[in-house]
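These are my notebook entries on one chain. I set down what I looked up, entry by entry.

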Amino acid sequence: MDRLKIAVLLVGYNCAENLVEVLCPLIRCKFGIKDDIGCTIIPAPNDIEVKICCVSALFKEYADLGFKYDNEKTVKLFKTYEESHAIDKFIEITEPILDYQARDLGLQWLKQWDFDYLWQWDCDELGEYNQIINAINWIKRNNLYSFYRINYKN
């Protein structure tokens with residue numbers, strides 16, 4: 001069986017306080033992780049391949065409400081993740097932009113990679129590694145659909 005290619009489009013603005021918690025399970029799906037004492041590598045699943053593109057922007061809808069761009073801590077973290085290759089691409093947008101336009105910029109970058117599924121993720125949506133793997137396994141067993149939806153209760 002071919003590896004399932006999953007593109008993750010993660011959108012987050014001013015979310016430094018929970019960015020590590022959001023990204024950690026996704027990065028574990030991509031690379032694996034060391035065990036609790038740091039001696040043994042628990043490998044990533046060998047039947048999936050994950051690309052992660054992160055986009056950070058103040059949405060125009062919020063700017064119209066008077067919010068000002070204030071995203072330095074989040075940008076710094078995203079850039080660190082990109083420089084260490086934990087994520088594949090970070091797109092920073094400093095001028096207000098519509099939600100769908102910001103997401104489309106990430107999608108345009110991801111399209112160069114022939115992915116099987118696109119997973120849209122926002123930085124206020126927390127998921128655990130086992131939940132992500134269970135969702136992927138469910139998709140594999142029910143692959144006749146072209147669209148799946150998860151209702152997050154964060």
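**Entry 1. Terms and a first exposed residue.** I count a residue as buried under 20% relative accessible area, as exposed over 50%, and as partly exposed in between. The model I worked from is predicted. I tried the cut-offs on His85, which has 58% relative accessibility and therefore counts as exposed. I found His85 in the loop between α3 (72-83) and β5 (89-97). I also noted its backbone: His85 has a positive phi of about 70°, although it is not a glycine.

**Entry 2. Another positive phi.** I looked up Asn14, which is not a glycine either and has a positive phi of about 50°. Asn14 sits in the loop between β1 (4-11) and α1 (16-31). With 42% relative accessibility, I recorded Asn14 as partly exposed.

**Entry 3. Fold in outline.** I listed five helices and six strands for the chain. Read from the N terminus, I have the order as β-α-β-β-β-α-α-β-α-β-α. I then looked at sequence separation in the contacts: of those between residues at least 6 apart in sequence, 74% join residues at least 24 apart.

**Entry 4. Overall dimensions.** Which radius of gyration does the chain have, and what would a compact globule of 154 residues have? I noted 16 Å for the chain and near 15 Å for the globule, so the two agree. I recorded the span of the C-alpha trace along the principal axes as about 50 × 40 × 30 Å. Of the 154 residues, 39% are buried.

**Entry 5. Surface and charge.** I took down an accessible surface of about 9,700 Å² for the chain, with 51% of this area belonging to carbon and sulfur atoms. I counted 18 positive and 24 negative side chains, and the centres of the two sets lie 3 Å apart.

**Entry 6. Cysteines.** How many disulfides does the chain have? I took a disulfide as a pair of cysteine sulfur atoms within 2.5 Å, and the count comes to zero. Cys29 is in no disulfide, and I found its nearest cysteine sulfur, that of Cys24, 9.8 Å away. I also checked cover: Cys29 has a relative accessible area of 2% and is therefore buried. For Cys54, the closest cysteine sulfur is in Cys123 at 6.6 Å, which is too far for a bond. Cys54 is buried as well, with a relative accessible area of 0%.

**Entry 7. Phe115.** I located Phe115 in the loop between α4 (99-110) and β6 (117-122). Is Phe115 buried or partly exposed? Its relative accessibility is 22%, so I entered Phe115 as partly exposed. Setting aside residues up to four places away in sequence, I found that Phe115 touches Lys5, Ala7, Leu107 and Leu110. I also looked up Leu4, which is 111 residues from Phe115 along the chain, with 7.9 Å between their C-alpha atoms.

**Entry 8. Val75.** Where does Val75 lie? I placed Val75 in helix α3. Its relative accessibility is 7%, and Val75 therefore counts as buried. Leaving out residues up to four places away in sequence, I listed Tyr69, Phe90 and Glu92 as the residues that Val75 touches. I took one further distance, from Val75 to Cys15: 9.3 Å from C-alpha to C-alpha, with their positions 60 residues apart in sequence.

Conventions
Residues are numbered from 1 along each chain as its sequence is written. This is a predicted model: local features need pLDDT of at least 70, side-chain atom pairs count only at pLDDT 80 or more; totals for chains, interfaces and linings use all residues. Side-chain values use heavy atoms; hydrogens and water are left out. Buried means under 20% relative accessible area, exposed over 50%, partly exposed in between (1.4 Å probe, protein chains only). Helices (H or I, at least four residues) and strands (E, at least two) are DSSP runs, numbered from the N terminus. The radius of gyration is taken over C-alpha atoms; the globule rule is 2.2 Å times the number of residues to the power 0.38. Contact means heavy atoms within 4.5 Å. Accessible areas come from the Shrake-Rupley method with a 1.4 Å probe; for residues, only the protein chains shown count as cover. Lys and Arg count as positive and Asp and Glu as negative; His and the chain ends are not counted. The place of a charge is taken as NZ of Lys, CZ of Arg, CG of Asp or CD of Glu.
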